[in-house]
Amino acid sequence: GARIYYVVFAWDYYKDNLLSIFNTRNGGMAIYGGVIGAFLTLFIYCRIKKINPFRLGDLCVPGLILGQIIGRWGNFFNREAFGGYTDNLLAMQLPLDAVRSGEVTDQMMAHLQVIGGVQFIQVHPTFLYESLWNAGVLIFLLYKIKRRKFNGEVFLCYLGGYGLGRAWIEGLRTDQLLLPVVHWPVSQLLAGVMVVISILLIVLLRRRGDTPKGENRRYESDGNIKGTH
């Protein structure tokens, strides 16, 4: 899923050399594609096993975003998926010859630094921004999982929380995948759609007041559970 997503939106690069699609050693993975593939697999599995996919989704997303927190540090070691030039407190310096030339902007070159004879660019550490943001989302999901009002609420909170962070962080990156013709950042657009859909569904389903079957939703004032249903 991660490879297919990347290839689809970088088709101009791959269309004249189809065999390069199978060469993943040079990079070319997109986490959105992996997540979409995972959700499709979960849905198909649940249909076969006759399990509520939203209930299983609530269970899976804390582990999923934990994996994303860890996985973003791969971008750090690979010196990739960084943002444009910045001089903020968290700015990161990268050797110019260690990054792909297509991800280096004119502004980075205008602020090029030479340290010990090595040329460095200074950039937003977007991997760090997203890793920290996702850690906050994970904490909220763990808090929410025992307080959900309906099956799928934690899953929707993941979509909205992750999408909200990705929407602004993606705007900083210099390696964006763009939609053909309109040239909009596809991952940023998808993140915005996720946020809107998750908010609408949470509001709608919470109004219905459906409590997950077999789980208590009534609490005493001291926080203890009162009764079950």
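What volume does the largest pocket have? In this predicted model, the largest pocket comes to about 1,100 Å³, and the second largest pocket has a volume of about 310 Å³. Alongside these two pockets, you may like to look at a nonpolar surface patch of about 740 Å² and at two residues, Lys50 and Ala81, that have a positive phi without being glycine.

**The largest pocket**

- If you want to centre your view, Tyr6, Gly28, Met29, Asp175 and Leu177 are the closest to the centre of this pocket, out of 43 lining residues.
- Four elements give two or more residues to the lining of the largest pocket: α1 (2-9), α2 (11-14), α4 (53-78) and α7 (153-170).
- Helix α4 gives the most to this lining, with 6 residues.
- By class, the lining of the largest pocket holds 17 nonpolar, 15 polar and 11 charged residues.

**The second largest pocket**

- Here 16 residues form the lining, and the closest to the centre are Ile36, Phe39, Leu40, Phe43 and Phe155.
- At least two residues of the lining of the second largest pocket come from each of α3 (31-49), α4, α7 and α8 (186-208).
- Helix α3 supplies the largest share of this lining, namely 7 residues.
- The lining of the second largest pocket has 15 nonpolar residues and 1 polar residue, with no charged residues.

**A nonpolar patch on the surface**

- Val181, Val182, Trp184, Leu189, Val193, Ile197, Leu201 and Leu204 together make the nonpolar surface patch of about 740 Å².
- One of these patch residues, Leu204, is found in helix α8.
- Helix α8 also supplies at least two residues of the lining of the second largest pocket.

**Two backbone angles to check**

- As background, most residues other than glycine have a negative phi.
- Lys50 has a positive phi of about 60°, and this residue lies in the loop between α3 and α4.
- Is Lys50 buried or exposed? Its relative accessible area is 75%, so Lys50 is exposed, the cut-off being over 50%.
- Ala81 has a positive phi of about 55° and lies in the loop between α4 and β1 (92-95).
- Is Ala81 buried or exposed? Ala81 counts as buried because its relative accessibility is 6%, and buried means under 20%.

How values were computed:
Residues are numbered from 1 along each chain as its sequence is written. This is a predicted model: local features need pLDDT of at least 70, side-chain atom pairs count only at pLDDT 80 or more; totals for chains, interfaces and linings use all residues. Side-chain values use heavy atoms; hydrogens and water are left out. On a 1 Å grid over the protein atoms alone, a cavity is a set of points where a 1.4 Å probe fits but cannot get out, and a pocket is an open set with protein on both sides within 12 Å along at least five of seven lines; lining residues have an atom within 4 Å of a point. Grid points are joined across faces, edges and corners, and a volume is the space filled by probe spheres set on the points. Ala, Val, Leu, Ile, Met, Phe, Trp, Tyr, Cys and Pro count as nonpolar, Asp, Glu, Lys and Arg as charged, and the others, Gly among them, as polar. Patches are made of residues with over 30% relative accessible area and no salt bridge: like charges are joined within 9 Å, nonpolar side chains (Val, Leu, Ile, Met, Phe, Trp, Tyr) within 5 Å. Accessible areas come from the Shrake-Rupley method with a 1.4 Å probe; for residues, only the protein chains shown count as cover. A salt bridge is a side-chain nitrogen of Lys or Arg within 4 Å of a carboxyl oxygen of Asp or Glu. Buried means under 20% relative accessible area, exposed over 50%, partly exposed in between (1.4 Å probe, protein chains only).
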